[in-house]
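Q: I'm new to reading protein structures, and I'd like to practise on one part. Could you take a close look at the sheet with me, and at what sits around it?

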Amino acid sequence: MNILSPSILSADFTKLGEEIETIDNAGAEYIHVDVMDGMFVPSISYGMPVIKSIRKSTGKVFDVHLMISEPIRYIADFAASGADMITVHVEACSDVVATIEKIREYKLKVGITLNPDTPVSAIKPYLNRVDMVLIMSVNPGFGGQKFITSSVDKIKEVKRLRDELNLSYDIEVDGGINIDNLATVLEAGANVIVAGSAIFRGDAVENVKKFKSIMSVW
Ligand SMILES: O=C(CO)[C@H](O)[C@H](O)COP(=O)(O)O
């Protein structure tokens with residue numbers, strides 16, 4: 001199933017609750033929540049209090065992407081804030097298996113991700129333990145960047161590995177996705193689509209509709 005997960009990093013924070021209700025009503029399946037610590041990535045976004053607060057605005061799945069060093073330290077807090085799934089960076093965890101197990105302790109879905117310069121081989125040992133693989137198609141840290149085209153081959157590679165290893169994880173793609181490159185990533189094998197600026201810049205309802213109409217034919 002194809003899933004749209006708008007990234008609220010590009011929403012208007014002065015009316016975040018309303019922005020979330022808008023994309024929820026327009027048909028987005030997930031809400032993508034980008035947490036940045038100013039260490040693993042250069043920028044700082046928001047954390048548990050914001051997530052707890054926006055949890056009241058929607059019942060949709062909170063797809064929380066932790067761009068933080070040693071995320072194992074905060075899994076309990078993100079679970080208590082209302083996360084439904086947590087994705088961690090392979091580069092950010094000194095013990096990836098323990099981090100995955102910690103997320104499972106809270107009965108949350110688990111995603112693993114990697115930076116554009118990290119090869120897929122770095123996550124291969126963990127593929128049988130996760131529900132989702134996130135292919136970053138920009139260097140994490142900021143919305144509104146240009147899509148890195150080599151990500152398409154990475155999507156194909158994790159799809160090929162899923163078949164080879166007889167696994168069933170979702171493949172999410174995040175960074176620089178827009179109406180023009182959406183079909184390319186879907187065709188490569190991505191089925192969870194993150195988009196920030198392409199959804200929240202302009203008319204979010206129309207943008208969700210356009211995304212979903214293309215996604216419906218794949
Ligand atoms: O993880 C992210 C940045 O680190 C964002 O989710 C991502 O960049 C989405 O924003 P946009 O669609 O504007 O590229």
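A: Let's begin with a term we will need: a residue counts as near a molecule if its C-beta atom, placed from the backbone, lies within 6 Å of it. Keep in mind as you look that this is a predicted model.

With that term in hand, look at the ligand. There are 22 residues around the ligand, and those that come nearest are Ser7, Pro140, Gly143, Gly196 and Ser197. Two or more residues of this shell come from each of β2 (30-36), β8 (192-195) and α7 (197-200). By type, the shell holds 12 polar, 8 nonpolar and 2 charged residues.

Two of those elements, β2 and β8, lead us to the sheet. The sheet is open and has 8 strands, in the order β1-β8-β7-β6-β5-β4-β3-β2, with parallel pairing. At its edges are β1 (3-6) and β2, each of which pairs on one side only. On average, neighbouring strands are turned by 20° against each other, direction ignored. A general point helps here: strands of a sheet pair through backbone hydrogen bonds, either parallel or antiparallel.

Now let's walk across the sheet, starting from β1. β1 and β8 pair in the parallel sense over 4 bridges, and Ile3 stands opposite Val192 in β8. Pause at β8, where both faces are covered: Val192 and Val194 are buried on one side, and Ile193 and Ala195 are buried on the other. You may find it handy to know that in a regular strand the side chains alternate between the two faces of the sheet.

The next step is from β8 to β7. These two strands run parallel and are joined by 3 bridges, with Asp174 opposite Val194 in β8. Strand β7 (residues 170-174) also pairs with β6, in the parallel sense, over 5 bridges. Here Leu134 has Glu172 in β7 as its bridge partner.

β6 is mostly covered, as 4 of its 5 residues are buried. Towards β5, β6 forms 4 bridges, again in the parallel sense, and Leu134 in β6 is the bridge partner of Thr113. Further along the sheet, β3 (residues 61-67) pairs with β4 over 4 bridges, also in the parallel sense. In that pair, Val64 has Ile86 in β4 as its bridge partner.

What lies against these strands? One helix to look at is α4 (residues 96-105), whose buried residues are Val96, Thr99, Ile100, Lys102 and Ile103. Seen down the axis of α4, these buried residues fall within an arc of 155°, so they line one face of the helix. Their cover includes β4 (85-89) and β5 (109-114), along with α3 (75-81). On the other side of α4, you will find Val97, Ala98 and Glu105 exposed. After α4 comes Lys107, which has a positive phi, near 60°.

For our last stop, find Lys146 in the loop between β6 (132-136) and α5 (151-164). Is Lys146 buried or exposed? With 9 other C-beta atoms within 10 Å, Lys146 is exposed, because a residue with 12 or fewer such neighbours counts as exposed. If you compare its place with that of His65, the two are 81 residues apart along the chain, and their C-alpha atoms are separated by 19 Å.

Key. Residues are numbered from 1 along each chain as its sequence is written. This is a predicted model: local features need pLDDT of at least 70, side-chain atom pairs count only at pLDDT 80 or more; totals for chains, interfaces and linings use all residues. Ala, Val, Leu, Ile, Met, Phe, Trp, Tyr, Cys and Pro count as nonpolar, Asp, Glu, Lys and Arg as charged, and the others, Gly among them, as polar. A residue is buried if 20 or more other C-beta atoms lie within 10 Å of its own, exposed if 12 or fewer, and partly exposed in between; C-beta atoms are placed from the backbone. The arc is that of the directions from the helix axis to the C-beta atoms. Two residues are in contact if their C-beta atoms, placed from the backbone, lie within 7 Å. Two strands pair if DSSP finds at least two bridges between them. Axes are lines fitted to C-alpha atoms, for helices over the stretch in contact, and angles run from 0 to 180 degrees between N-to-C directions.
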